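Trainee: I have a new model to study. Can we go through it together?

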Amino acid sequence: MNACVFCRIVAGEAPSTKVYEDDTLCAFLDIRPIAAGHTLIIPKKHAAELDDLDADLGAEIFRAGHRLALAMRRGALAADGANLILNDGRAAFQTVPHIHLHVIPRRKGDLFGVTKGFLLRRSHDPAGTAASIRAGLAALDDDNARDIEGTQS
């Protein structure tokens, strides 16, 4: 068995609450979230640090982060913004040796809550939170479909 917990999540050998998955990426809720909705995006192909990551795949990870951050605004989480954070290496506080982008929803005036979240890092209704993010992704897809229909008219 692979020692990397994120590779085990990709393989379906470790539990996770997934919010998005495609051929190259997997996004799931952080088990110790800083804020409700805190999501991790990982490449399915193992890359421990940025030195191991193909630049095009890195761009794909950030495109997915952009999309998830927008979904967190449009879904029931009703975020006002987001932090997108990638810690590269132990010196940068990377705790799991598999590249991952943190997408952390933010709300106006939540500095205390996020600061407290850094210290406590407790799970917040993972099933309901994941459903909210998926609903936000669906809303983005609906918006994009309407935009495409509008340009074809």
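Trainee: Which residues of α2 are buried?

Mentor: First, the ground rules. This is a predicted model: local features need pLDDT of at least 70, side-chain atom pairs count only at pLDDT 80 or more, and totals for chains, interfaces and linings use all residues. Residues are numbered from 1 along each chain as its sequence is written, and side-chain values use heavy atoms, without hydrogens and water. Buried means under 20% relative accessible area, exposed over 50%, partly exposed in between (1.4 Å probe, protein chains only); helices (H or I, at least four residues) and strands (E, at least two) are DSSP runs, numbered from the N terminus. In α2, the buried residues are Leu57, Gly58, Ile61, Ala64, Gly65, Leu68, Ala69, Ala71 and Met72.

Trainee: Why do the buried residues of α2 line one face of the helix?

Mentor: Look down the axis of α2. The arc is that of the directions from the helix axis to the C-beta atoms. The buried residues line one face because they fall within an arc of 160 degrees.

Trainee: Which residues are exposed on the other side of α2?

Mentor: Turn to the side away from the buried residues. There the exposed residues are Ala55, Asp56, Arg63 and His66.

Trainee: Which element supplies the largest share of the largest nonpolar core?

Mentor: A nonpolar core is a set of buried Ala, Val, Leu, Ile, Met, Phe, Trp, Tyr and Cys residues joined through side-chain atoms within 4.5 Å. The largest has 23 residues, and Ile61 and Leu68 are among those with the most contacts inside it. β2 (25-29), α2, β5 (101-106) and α4 (126-152) each supply at least two residues of this core. The largest share, seven residues, comes from α2.
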